Amino acid sequence: MKRFGYFSNDRREFVITRPDTPAPWVNYLSNGRYTGLISNTAGGFSFYASPKDSRITRWRYNSLPIDRPGRYLYLRDRDSGDYASPTWQPTRSRLDRFECRHGLYYTRISSEWNSIESEILYFVPANDDLELWRVRLKNNGQSPRRLDLFAFVELCLGHALVDLINQPNDQHFNEVFFDRDNRILFASKRYWVTYGATVKQANQEWDRMVYFASSLDVKSWDGSKDQFIGSWRSESDPIAVEQGRCSDSEITSGDAVAALHMPLDLAAGEEKEFVVILGAAEKRHYSQTAVASVDRYRDLSNVDSAFENLQQTWNHYLNAVQVETPDDDMNTMLNVWNPYQTSVTFQCSRDASYYHGGLLFGRGFRDSCQDILGPLMARPDWVRQRILEMCRYQFRNGSTYHLYYPLTGGGEVTGHSDTPLWLPLAIVHYLKETGDFSLLEEKVRFHDKASAVVFDHAAAAIDYTLANLSERNLAKFGPGDWNDTLDYLGREGRGESVWVSMFLCYILGETVELCNELGYKERAGEYSDAYRLVSRAINDLCWDGDWYIRGTNDRRQVIGSAANRFGRIFLNTQSWAVISRVADDERARACMQAVAEHLDTPKGPQILWPAYREIDPEIGLATRCVPGKKENGAVFNHPVSWAILAECLLGHGDRAYEIYRKALPMNPVVDIDRYQVEPYVYAEYVTSPEHSTEGQASHSWLTGSSAWMLRDGLDYILGVRPVYRGLLIDPCIPAKWFGYRVQRRFRGYHFEIEVENPDHVNTGVGRLQLNNEILPDRVIDLSDDAIRDCLDREGVNRVHVVLQASKEKESL
């Protein structure tokens, strides 16, 4: 890792020291509406609200050269004709110095070329739908320099997938023109396809107008890619840059770009600053919006104020929870990069990444229900609105869209058997964090028009699943469960998912607890009976001797059994047997021991073992994946996070911490050239020893593992987690630790928690003291008047915890 970069001293930036990283190392720029992905060499793309339906700029990853185009600046020496890109791409000129700093929703790239020092700060301001490139250039030479600067982006303008597969036809609707009075380049499209269209052929224009401007004087411009790039050329050698001037092209058809040419002279030692502005305005009012925004940010003091506001916003976000443990890597993840990654995942779901290119997905329903776990501590208001949004994509019978499209409406119904059950999980977690039970009384329309309060939406999801059990009282597989690649086990309606059955039991248990809080005794009784029914079926039918099977197909053939040749053991049905409390103590420990014996790798447990080496059409896509990658035997970080949680529930602090350490992204195990992806955020999976490229990771950033890893670390290892009454203090730590500290904002209070471990145990709270008052149990009970009287609403509330050997857990 150190060969390519390092964390800054405050850990809030990852500093990349050379441009040729093993793969593009990426960051996000976003205000929740306007979003850009940016690599360490300024590659990536921008979009408004949806990367598929409302793409602003083009981007190509799976072609050579990779990671182009992007948001580029060209520097040209007017006297010599030499030119280079200060971001290395796209010219890939030799730079005398290079550095990229990825921070929280900003990226700063600095370099030096031919005695011209440059620094470009990229970010999206909170209140305006645009991105800013704040540029500083300095002449470190002894002679004056005459430069021609070119700012450039390649435009998509609307639906990215249509642009990709039908580019020759789609470009007929592009238009680009230059506003000479305001010195702004505008671009849009007269035809826009969306998945929300209710007719076979859309009859609408893209509702955005892109604008591109600078605080420098614009001498020439181009809206035509052909004119700017030239024939048989690429972004690396545009004819306009080579000739030192754009052709002032405007188009009503053709490939669209936005390019601005700006002369700049620098005396020896002189430094100048300017800004480039790329935005997207609602078309109805585009001129008024664009002109006002450009005028505002041509004043660099407003750019600086916007950036200061961005930093303050995200510093406050991070300060919701801060930890100090003996593990610096754990501190780095829990304090900065893990909460940051979960905020990105919350905003972008799975549809705005370098791996799918923003082309394939909408907002995943199951994904969004889990993504709320990250920002919930810092921005519960975001989560409340997301829950209400998801309720609107549920049907009256309790089923839901699997993917939905917030920008254009509608979605995709797939029948995945687990998807509806994630809604109650999101609701329960919100209630435990906030104590805001008013959410349950909010009335929300189902997607098929009828309305119900939020509690009834949660109940509908559970009732739908219970109504679709097999005759053996197990959940049906359908066309897949959480593991989308087990997609042909249950297409005929008989295959059973043991994991969904366990997940159903978990949701039933959580909902029984909620019903008891609310006084819904009859509903609590019904769901308790259902829990016992399904739990009994799992234990009677699905225990394989040392672990639980994964499921059955439509012919009731078993997968995940010792009798199988491939896929003998699956991770999820072992961890969730513990999480759902379906397994008794003996079986819980046995199945997790089987995980350690059969699934463990240097990066954590595999998703299954051994990998399938023959295609089985009655199982599906998992058997078609390459052995050791993806769902066919890779170390899939999402299930790994659940294994950590299960080990904590068993009181296995050393084992939980061991797996957590293995999974950390800055612990690649193999050489970083093999690992490839960013060492500062979690990837979806890491290739297991069952493939020759063991240790190679993929699909970083947008993964559900980020939220669960965050909650594993905070809620279960450090053991500071919300319950309905307040904060439960229940650590499960490595015995070698002497102690740790946690600062936590919770329901309007600020807690500073110090945990001591003099007996070097894993678990067991011997004493809990709040502001010098000894508490009777492990919960800071905010429903107790006496405890509330001890609290300081304005200041710091100090919690002192001592772990003791006599209190260490012996069983579940």
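A residue counts as buried when its relative accessible area is under 20%. Tryptophan 576 has a relative accessible area of 0%, so it is buried. Tyrosine 506, at 13% relative accessibility, counts as buried too. Both values come from a predicted model.

These two residues also meet each other. The ring centres of tyrosine 506 and tryptophan 576 lie 5.4 Å apart, with the planes at 85°, so the pair is edge-to-face. The contact links distant parts of the chain. Tyrosine 506 belongs to helix α12 (residues 498-518), and tryptophan 576 to helix α14 (residues 572-579), 70 residues apart.

The structure holds 55 aromatic pairs. Another one joins phenylalanine 152 and phenylalanine 228. This pair is stacked, at 4.8 Å centre to centre and 10° between the planes. Here a strand meets a helix: phenylalanine 152 sits in β13 (residues 145-158), phenylalanine 228 in α3 (residues 225-229), and 76 residues separate them. Phenylalanine 152 and phenylalanine 228 are both buried.

Turn now to the cavities. The count is nine of 30 Å³ or more. The largest has a volume of about 80 Å³. Three helices each supply at least two residues of its lining: α6 (300-318), α7 (328-348) and α19 (705-717). Among the lining residues are Tyr317, Leu318, Leu334, Pro339, Leu710 and Leu714. The lining divides into 10 nonpolar residues, one polar and no charged.

The second largest cavity has a volume of about 60 Å³. Its lining is mixed: five nonpolar residues, four polar and two charged. Lys603 and Glu694 are among the residues that line this cavity, and so are Thr601, Val686 and Ser688.

Val686 leads to a sheet, where it stands in β32 opposite valine 635. Two bridges join β31 to β32 (residues 683-686), and the two strands run antiparallel. The open sheet has three strands, in the order β31-β32-β33, with antiparallel pairing. β31 (635-636) and β33 (697-700) stand at the edges with a single partner strand each, so one side of each is left without a neighbour in the sheet.

Last comes helix α9, residues 380-391. Its 12 residues reach 17 Å from first C-alpha to last, close to the 16 Å expected at 1.5 Å a residue. Which residues of α9 are buried? They are Val383, Arg384, Arg386, Ile387, Leu388, Glu389, Met390 and Cys391. The buried set thus includes Arg384, Arg386 and Glu389, residue types that count as charged.

Conventions: Residues are numbered from 1 along each chain as its sequence is written. This is a predicted model: local features need pLDDT of at least 70, side-chain atom pairs count only at pLDDT 80 or more; totals for chains, interfaces and linings use all residues. Side-chain values use heavy atoms; hydrogens and water are left out. On a 1 Å grid over the protein atoms alone, a cavity is a set of points where a 1.4 Å probe fits but cannot get out, and a pocket is an open set with protein on both sides within 12 Å along at least five of seven lines; lining residues have an atom within 4 Å of a point. Grid points are joined across faces, edges and corners, and a volume is the space filled by probe spheres set on the points. Helices (H or I, at least four residues) and strands (E, at least two) are DSSP runs, numbered from the N terminus. The expected span of a helix is 1.5 Å times one less than its number of residues. Buried means under 20% relative accessible area, exposed over 50%, partly exposed in between (1.4 Å probe, protein chains only). Two strands pair if DSSP finds at least two bridges between them. Rings of Phe, Tyr and Trp (its six-membered ring) pair if their centres lie within 6.5 Å; planes under 30 degrees apart count as stacked, over 60 as edge-to-face and the rest as tilted.
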